[in-house]
Amino acid sequence: MKKISVLIPCYNEEENVVPISEAVIKTLQKDLPEYDYELVFIDNDSQDHTRSLIRQLCDENPKIKAIFNARNFGQFNSPYYGMLQITGDCVIEMVADFQDPVELIPQYVHEWEKGYKIVIGIKTSSRENRLMYWLRGCYYKMMKKLSDVEQIEQFTGSGLYDRDFIEVLRNLDDPTPFLRGIVAELGFKIKQIPYEQPKRRAGETKNHFYQLYDAAMLSITSYTKAGLRLATIFGSICSLISMVVAVVYLVMKLMYWDRFPAGMAPVLIGMCFLGSVQIFFIGLMGEYILSINARVMKRPLVIEEERLNFAAGNAAEKEEDGLENCEDADLFAASLEDGDNV
């Protein structure tokens with residue numbers, strides 16, 4: 001029996017963890033009864049009652065497991081680390097707020113059985129803020145043009161990943177992983193399944209401006225050279241224009257000394273313009289250096305505070321293996337007895 005792992009990262013999702021666990025288990029038992037399963041929550045240091053509710057779920061069902069992080073390690077490290085901890089033949093990652101429809105799980109698995117190592121969901125529309133959806137679309141189009149790697153539009157990370165791909169992730173040893181870019185760059189043959197993103201079931205979104213900016217900068221610094229190239233080219237052009245203007249002003253002043261007042265306006269405009277350009281590109285270079293610094297430090301993805309039901313699951317698997325071995329031993333002994341009788 002193949003085993004499906006469902007990974008649900010969460011942070012302050014006390015209104016959603018119980019309903020999402022019930023919906024996932026119901027879907028697995030109804031539509032995929034021929035598979036074993038495990039449901040893994042990885043909590044990013046929630047400050048509400050999320051952890052206590054997950055504890056109750058783990059007590060009631062040994063197939064529900066949990067990893068509690070020591071602190072909030074960000075929206076990328078936590079789910080990436082959780083994917084490395086699964087024990088199934090594949091892992092399906094989805095968010096706790098129902099914006100990744102549970103109904104996609106059977107479709108993911110059916111495409112996986114056809115041979116696809118990666119099956120992902122692609123948003124064709126969204127019931128959320130239309131402006132944000134449009135801005136995300138512009139961002140994805142910009143990334144596709146700037147990146148050397150063919151980026152996947154409207155892909156949030158939700159999907160099914162085969163264990164072979166998980167092994168690829170294990171060997172990357174990347175302290176600042178960006179899964180969406182890794183899938184596009186290093187992934188196997190990919191099957192895309194379109195869906196309409198529903199509204200959050202309950203609670204407020206955790207993706208505020210800073211989180212969105214952090215995601216954008218991580219993707220830009222990891223998969224594009226355009227920022228630094230733009231700084232070099234644009235800086236060279238501005239320097240050339242400034243030199244030409246300076247020479248023209250000098251010649252005009254020498255030729256028409258009394259009739260050509262140079263004034264302070266051109267000087268101030270030029271200084272402010274060039275100063276703002278320099279500050280912008282110094283900040284952009286700082287983002288690249290920050291990304292390099294994070295990779296050089298080689299800090300762990302996540303520090304765990306506690307695990308629930310992982311030991312129990314391993315013990316159960318060992319017990320099953322032991323029973324199988326005992327049955328094999330009994331059959332072997334019976335065959336020997338039959339041979340003696342003959």
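**View 1. Ala23 sits in helix α1, which covers residues 17-31.** The model shown here, as in every view, is predicted. Ala23 counts as partly exposed, because its relative accessibility is 21%. Buried would mean under 20%. Look next for Phe98. Along the sequence, Ala23 and Phe98 are 75 residues apart. In space, their C-alpha atoms are 9.5 Å apart.

**View 2. Phe98 and Asp45 each have a positive phi.** Phe98 is found in the loop between β4 (90-93) and α4. Its phi is about 70 degrees, although Phe98 is not a glycine. Asp45 lies in another stretch, the loop between β2 (36-43) and α2 (50-60). Asp45 is not a glycine either, yet its phi is positive, at about 65 degrees. Why point these angles out? Most residues other than glycine have a negative phi.

**View 3. Val109 is a buried residue of helix α4.** How much relative accessible area does Val109 have? The value is 0%, so Val109 is buried. The cut-off for buried is under 20%. Val91 gives a second point to find in this view. Val109 and Val91 are 18 residues apart along the chain. Their C-alpha atoms are separated by 9.9 Å.

**View 4. Helix α3 packs with helix α6.** Helix α3 holds residues 74-84, and helix α6 holds residues 163-172. The two axes are 9 Å apart. The angle of the packing is about 120 degrees. That angle makes α3 oblique to α6. It lies outside the range of 65 to 115 degrees that counts as roughly perpendicular. It is not over 145 degrees, the cut-off for roughly antiparallel. Which hand does the crossing of α3 and α6 have? The crossing is left-handed.

**View 5. Lys2 and Glu113 form a salt bridge.** The structure holds 13 salt bridges, and this view shows one of them. The closest N and O atoms of Lys2 and Glu113 are 3.1 Å apart. The pair links distant parts of the chain, 111 residues apart. Lys2 is in the segment before β1 (3-10). Glu113 is in helix α4, which covers residues 104-113. Are these residues buried, exposed or partly exposed? Lys2 is partly exposed, because its relative accessible area is 38%. Glu113 is partly exposed too, with 37% relative accessibility.

**View 6. Asp164 and Lys117 meet in a salt bridge through their side chains.** The distance from N to O is 2.8 Å. This pair also links distant parts of the chain. Asp164 is in helix α6. Lys117 is in the loop between α4 and β5 (118-126). How many residues apart are Asp164 and Lys117? They are 47 residues apart. Asp164 has 38% relative accessibility, so it counts as partly exposed. Lys117 has 26% and also counts as partly exposed.

**View 7. Arg170 and Glu167 form a salt bridge within helix α6.** Their side chains meet at 3.1 Å, N to O. Both residues lie in α6, 3 residues apart. That spacing is about one turn of the helix. Arg170 is partly exposed, with a relative accessible area of 33%. Glu167 counts as partly exposed as well, at 32% relative accessibility. Elsewhere, salt bridges that share partners build a network. Which residues does this network join? Its members are Lys3, Glu38 and Lys65.

**View 8. Eight side chains make a nonpolar surface patch.** Its area is about 690 Å². Leu240, Val244, Val247 and Val248 belong to the patch. So do Val251, Met252, Met255 and Tyr256. Take Val251 as a landmark. Where is Val251 placed? Val251 is in helix α9, which covers residues 226-255. Its relative accessibility is 40%, so Val251 counts as partly exposed. Patch residues must have over 30% relative accessible area, and Val251 passes this cut-off.

Terms used:
Residues are numbered from 1 along each chain as its sequence is written. This is a predicted model: local features need pLDDT of at least 70, side-chain atom pairs count only at pLDDT 80 or more; totals for chains, interfaces and linings use all residues. Side-chain values use heavy atoms; hydrogens and water are left out. Patches are made of residues with over 30% relative accessible area and no salt bridge: like charges are joined within 9 Å, nonpolar side chains (Val, Leu, Ile, Met, Phe, Trp, Tyr) within 5 Å. Accessible areas come from the Shrake-Rupley method with a 1.4 Å probe; for residues, only the protein chains shown count as cover. A salt bridge is a side-chain nitrogen of Lys or Arg within 4 Å of a carboxyl oxygen of Asp or Glu. Helices (H or I, at least four residues) and strands (E, at least two) are DSSP runs, numbered from the N terminus. Buried means under 20% relative accessible area, exposed over 50%, partly exposed in between (1.4 Å probe, protein chains only). Axes are lines fitted to C-alpha atoms, for helices over the stretch in contact, and angles run from 0 to 180 degrees between N-to-C directions. Angles under 35 degrees count as roughly parallel, over 145 as roughly antiparallel, 65 to 115 as roughly perpendicular and the rest as oblique. A crossing is left-handed if the near helix is turned anticlockwise from the far one by less than a right angle, and right-handed if clockwise.
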